Amino acid sequence: MALVARTLSGPLIVEVRARAIESLGDLLTDRRIVTTGRVAIAVGSGVADGVRGAVESAVPGAPVSEVDGGSLAAARTLADGLRGSRPDVLVGIGGGGSLDVAKWAATAIGVPFVSVATTLTHDGLASPVAVLEEDGYKGSYGVQPPIAVVVDLDLVRAAPANHTRSGIGEAVSNLSAVADWVLARRHVAEAYDGLAAAMATTAALAVLNEGRETTDDAFLETLAGALVVSGLAMTAAGTSRPCSGACHEISHAIDRLFPRTALHGEQVAVGALFASFVRGDRRTAEIDTCFRVHGVPRLPGDLGLDAAGFTAAVVAAPGTRPGRYTILEHLDMDAPTIRERVDAFIEAFDR
Ligand SMILES: [Zn+2]
């Protein structure tokens, strides 16, 4: 019989709610993720002591490693430290970088990974990709996606506002990424996955049309769901394509030219709005409105960049991801033309 459907590996558990961390131990044993009782925990150095205490009481006796930053070196150190103990599972707790470090380490030692998000900063919480820094450059590494994803809404609500804004930019940028994918399908016959594109688009639209306040639990649940589904879209596609186009190329270029400008999703948001503008997308105004309502950066100035700096990033953007066809590769603009488009973009949206 012909294969009539595909199977998709995704997390066994997705738990998004207040005080989710307190029931972490039960969640691991009830679903038989932990069988021999050996749980290893990796906590980001930025995670508050109170959270660490809650984790320690939820999973008593589990060794806790502290993870500093989001580098490949930190991931290797964590993996080396855990190799001898053979835990049933590695639980990563933190925001952006520390989850990527723990996810890479879990894959390296061949144990399942449980992702516990304390902020909704980017779409790495359920994705098969770890973004890690080495020698000043950020690289994307393919990893096993998490077996469980836990989002504690109390912690997310208490996180600095720019973290949630970054998550909004990340989720909504899927619209721009998928538009680039459609362009690549049409002009360079790139393989296109309609299921992955539908998942990424639907996740973005859920956030775009949510309508509630940024700190409302219902909004945060929608955002968490959108970021989880974005991760699944990447797993379905086997590539970051459904969630990463010109928006991400521009953000990577900002990382290289002007390190530590802003959070990943904040840079991606400006990249997505600019890319949507130069593509002439029908949803550009809706994206702009959504970003304005939630205080997400929209223009280079919102990131602290001037027009010349942002132009330099757009010029450098295609070089950050050779082989990826987006609106930037399609238009193949020279630097003066890019500057004209950047000026027109700022004039159109600076209000
Ligand atoms: Zn991203």
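In the predicted model, strands S2 (residues 39-44) and S3 (residues 64-67) run parallel and are joined by four bridges. Within this pairing, Ala42 has Ser65 of S3 as its bridge partner, and Ile41 stands opposite Val64 in S3. Between the two strands, the chain passes from S2 through helix H2 (residues 49-58) to S3, and the resulting β-α-β crossover is right-handed.

The pair S2-S3 belongs to an open sheet of six strands, arranged in the order S1-S8-S5-S4-S2-S3 with parallel pairing. Strand S1 (13-17) and S3 form the edges, each pairing on one side only. On average, and with direction ignored, neighbouring strands of this sheet are turned by 15° against each other.

Strand S8 (residues 148-152) stands between S1 and S5 in the strand order. Its pairing with S1 is parallel and extends over five bridges, with Ile13 opposite Ala148 in S8. Towards strand S5 (residues 113-117), S8 is held by four bridges, again in the parallel sense; here Val114 is the residue that stands opposite Ala148 in S8. Five of the five residues of S8 are buried, so the strand is largely enclosed by the rest of the structure. In a regular strand, side chains alternate between the two faces of the sheet. Both faces of S8 are covered: Ala148, Val150 and Asp152 are buried on one side, and Val149 and Val151 are buried on the other.

The model also contains a zinc ion, whose protein donors are two OE atoms of Glu170 together with NE2 of His248 and NE2 of His264, at 2.1 to 2.4 Å from the ion. In sequence, these donor residues follow the spacing E-x77-H-x15-H. Glu170 is located in helix H6 (residues 161-172) and His248 in helix H10 (residues 246-257), so this pair ties together parts that are 78 residues apart in sequence. Both Glu170 and His248 are buried. The angles among the four donor atoms range from 56 to 144°, and the site is irregular. For four tetrahedral donors, the ideal angle at a metal is 109.5 degrees. The irregular assignment follows because a tetrahedral site would require all angles to lie between 85 and 135 degrees, a range that the angles of 56 to 144° do not satisfy.

Salt bridges form a further set of side-chain contacts, with 18 present in the structure. One of them links Arg241 and Glu190, with an N to O distance of 2.8 Å. Arg241 lies in the loop between helix H9 (217-237) and H10, whereas Glu190 lies in the loop between helix H7 (174-188) and helix H8 (194-208), so the contact ties together parts that are 51 residues apart in sequence. The two partners differ in exposure: Arg241 is buried, with a relative accessible area of 2%, while Glu190 is partly exposed at 23%.

A second salt bridge is found between the side chains of Asp281 and Arg279, at 2.9 Å from N to O. In this pair the acidic residue, Asp281, is partly exposed, with a relative accessible area of 24%, and Arg279 counts as buried at 15%. The side chains of Asp288 and Arg292 likewise meet in a salt bridge, with an N to O distance of 3.2 Å. Both residues lie in helix H12 (residues 284-294), where they are four residues apart, or about one turn of the helix. Asp288 is buried, its relative accessible area being 1%, whereas Arg292 is partly exposed, with a value of 40%. Beyond these pairs, Asp154, Arg157 and Asp217 are linked in a network of salt bridges.

Helix H9 also contains Val228, which counts as buried at 5% relative accessibility. The C-alpha atoms of Val228 and Leu195 are separated by 15 Å, the two residues being 33 residues apart along the chain.

Note on methods: Residues are numbered from 1 along each chain as its sequence is written. This is a predicted model: local features need pLDDT of at least 70, side-chain atom pairs count only at pLDDT 80 or more; totals for chains, interfaces and linings use all residues. Side-chain values use heavy atoms; hydrogens and water are left out. Donors are N, O and S atoms within 2.8 Å of the metal (3.2 Å for Na, K and Ca); water is not among the atoms, so sites may look incomplete. Four donors count as tetrahedral if all angles lie between 85 and 135 degrees; four count as square planar and six as octahedral if opposite donors are over 155 degrees apart and all others between 65 and 115; anything else is irregular. Buried means under 20% relative accessible area, exposed over 50%, partly exposed in between (1.4 Å probe, protein chains only). A salt bridge is a side-chain nitrogen of Lys or Arg within 4 Å of a carboxyl oxygen of Asp or Glu. Two strands pair if DSSP finds at least two bridges between them. A crossover is right-handed if, with the strands pointing away from the viewer, the path from the first strand over the helix to the second runs clockwise. Axes are lines fitted to C-alpha atoms, for helices over the stretch in contact, and angles run from 0 to 180 degrees between N-to-C directions.
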